[in-house]
Structures are given as C-alpha cells and as structure tokens.
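Biologist: I would like a close look at one helix pair in this model. Please describe how the two helices pack, and then place them in the rest of the chain.

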Amino acid sequence: MAKLPDHLDIHLIRILYLLLCEKNVSRVALKLNQPQPSISASLRKLRELTGDPLLVRGARGMVPTQHGESLLKPAKRILEETERLFVQKTPFVPQAEARTFHIAAPDYMNTPFFLEVVARLRRESPKSRIVIHALGPETDYVRLLSDGDLDLVIANWDEPPPHLHLSKLFDDPIVCLMRADSAYAKRTGPDQMTVEDYLSLPHVAPWQVLPGYHGIIDSFLDSQNLNRNVVVESAYFGMLPYMVAQTDLVLTTGRQFARFYEKTLSLKSFALPIKFPPMRFYQLWHERVHQATEHKWLREQIGIAAKALLEK
C-alpha cells in the first residue's frame, strides 16, 4: 500500500472535488470564498501529490484528465463519509425506524415481565426486531456486551460487574408454589406455613447453580444453618412449574413468576415463614451504547414495562 502524504487535509480533498466538478479555478475560489492564487497553489500541490495534471486546457476551457476523472467519485465518497463522522446524533424515532435489539436473560426470568416487554416494544417500534438470548452459567455476557453482540442483560446477580451501567427494574418477593389441590395446600392457609413445613416439603430446584437465583435461596438458608429437602433438580427452569402441577413437589420462586403459573396451571403460592431477601432485577449495559439514542429508548421501555408489571 502506498504511503499517504503528510499533511493531507480534508479541505484539500474538497478543493480537488470542486475543481474536477467546476473545471475552473475562479469559480472554485468564489464558492469557497478564497483568493484565486490560493486555489491555484492548491491545484499545484494536488498535481504534485497525484503526479498528474488533473486539469488541462480543452477547446472550451479546462477539462479533467483521465486520471482526474477517476478521482471524482473517491473524492466525493471521502467527503460524504467525513461528514457522517461528525454528524449530530438524532433522536431515535421508534414508530418510523427499524432496529434489532439483542436482550439476554436467564430462563428463570419471570414470564409476565417479558410478555410486557415484547408487547410494548412491538407496539412502540413495530418495524424493529427483538432477539432474546439465553443467559446461562457459561455465558460470557460481559464480553458479549463489550463486543456489541448483546445490547442489554436483564438479571439479578448479587454483585454485577462495577464497570457496567445498571438500572434497577423491580424487587420480586420470594414465595413457595405448589399444586392447589395437593394435600398440604388443602389443609393449610396461604399464610400458615411453618419453618418446619417449608424445610420438610419435597422441593424441586434448578440443577445448576444459576447466578443470583439458586444462590439467593440456598445461600441464604446456609447462612441460617437451614437445609431444605430438595428431591428433584432440573437444568431446565421452565419445566419446574409443570412438574409442580403434576406432583407433590414445591417450588421456591419469585411472586411475579408464581402469579403467572397460578393462573395457567392451577397452582397456589404460600407466604414463606423464612424472610428471604427479594430477588432484585436490573438491566445492565456497556458504555459503548450508553449514549446511543435507540438504546436509551430501549432501556426506558424496559423500565416502563417493569413499572407496569408491578401496577397490575
């Protein structure tokens, strides 16, 4: 690759473009409000840099050389691309524009929340695409955010990376979910569960230690020197409510998640006799998209969806 000349500036490329378009030094000087000798000096410099006359005398004034004509389109493209570098950011117009948003969340993220998010994004930006990515224990979400493969992560880890931006979405109190017609549910009121009952009931739990969720339950119990009776573990969190609906198993989960399955699977939730800290959900994003108008809009919509969920 040829070495670029030193001190090559955009103004010189603009003069080259105008000279090739106007084919007249005086008119270019007038357009740029510069003295004609200055434009003539720039033409001499351009001839030196390109090793070509660029403009020569024709029958009716100056005409570009063959090499000069070949430089017209590249010069125009460089000027247009340079303008784009410094164009002011314009607000994202969600109803008119199309974007693809990549959002990641663990599969224990409560279903009603994402129903609210997707419904809102479809309504407010119907031309845009939404891609919801899985977020498991092995996902390097920090790298995916920094590389631009993800735009947003929704999670509830106790200690998210401090260099990422964070916005709280909602707190979800923890409850115990079981089949509404189970023997225990029939004889016990929703606020009458004892610590002994809770620990001895047959529990279903996530098999792998998913950051934030499994940690909140079992780490807290460990801190209280308590141990629950986990008899089934599953790597697929979405299957757990269906297991509960068909068996005597109980599931410890967030209240929003529980409410959804109470309606669809005839399940019943119980207030826990142990004061677990709530699951705190938030959205995380990288500095690379912090100022982008479409991403500001996306995060705002996620926040509105969270607020709407709590008001239902």
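Modeller: The helix pair comes first, then a buried residue, two loop residues and the overall form. The model is a predicted one.

The pair consists of H5, residues 111-124, and H12, residues 293-311. Two packed helices are described by the angle between their axes and the distance between the axes. For H5 and H12 the angle is about 130 degrees, and the axes are 9 Å apart. An angle over 145 degrees would count as roughly antiparallel, and 65 to 115 degrees as roughly perpendicular; H5 and H12 are therefore oblique to each other. Their crossing is right-handed.

On the H5 side, the contact is made by Pro112, Phe113, Glu116, Val117, Arg120, Leu121 and Glu124. H12 contributes Trp297, Leu298, Gln301, Ile302, Ile304, Ala305, Ala306, Ala308 and Leu309. Sorted by class, the contact between H5 and H12 has 12 nonpolar residues, 1 polar residue and 3 charged residues.

Another helix, H6, covers residues 141-147 and holds Leu145. Leu145 counts as buried because its relative accessibility is 1%. Leaving aside residues up to four places away in sequence, Leu145 touches Leu150, Asp151, Leu152, Val153, Leu164, Leu284, His286 and Arg288. Between Leu145 and Trp285 the C-alpha to C-alpha distance is 6.7 Å, although 140 residues separate the two in sequence.

Two loop residues have backbone angles worth listing. Lys23 lies between helix H1 (10-22) and helix H2 (25-32), and its phi is near 55 degrees, a positive value in a residue other than glycine. With 35% relative accessibility, Lys23 counts as partly exposed. Asn33 is in the loop that joins H2 to helix H3 (36-50). The phi of Asn33 is also positive, near 55 degrees, and Asn33 is not a glycine. At 71% relative accessibility, Asn33 counts as exposed.

As for the whole protein, its secondary structure comprises 12 helices and 12 strands. The C-alpha trace spans about 105 × 35 × 25 Å along the principal axes. The radius of gyration is 32 Å, whereas a compact globule of 312 residues would have one near 20 Å. Buried residues account for 41% of the 312 residues. Of the contacts between residues at least 6 apart in sequence, 74% join residues at least 24 apart.

Methods
Residues numbered from 1 in each chain as written. Predicted model: local features only at pLDDT ≥ 70, side-chain atom pairs only at ≥ 80, totals over all residues. Heavy atoms only, no water. Axes fitted to C-alpha atoms, helices over the stretch in contact; angles between N-to-C directions. Helix = DSSP H or I, 4+ residues; strand = E, 2+ residues; numbered from the N terminus. Parallel < 35°, antiparallel > 145°, perpendicular 65-115°, else oblique. Left-handed = near helix turned anticlockwise from the far one by under 90°. Contact = heavy atoms within 4.5 Å. Nonpolar A, V, L, I, M, F, W, Y, C, P; charged D, E, K, R; others polar. Buried < 20%, exposed > 50% of the residue type's maximum accessible area, 1.4 Å probe, protein only. Rg over C-alpha atoms; globule rule 2.2 N^0.38 Å.
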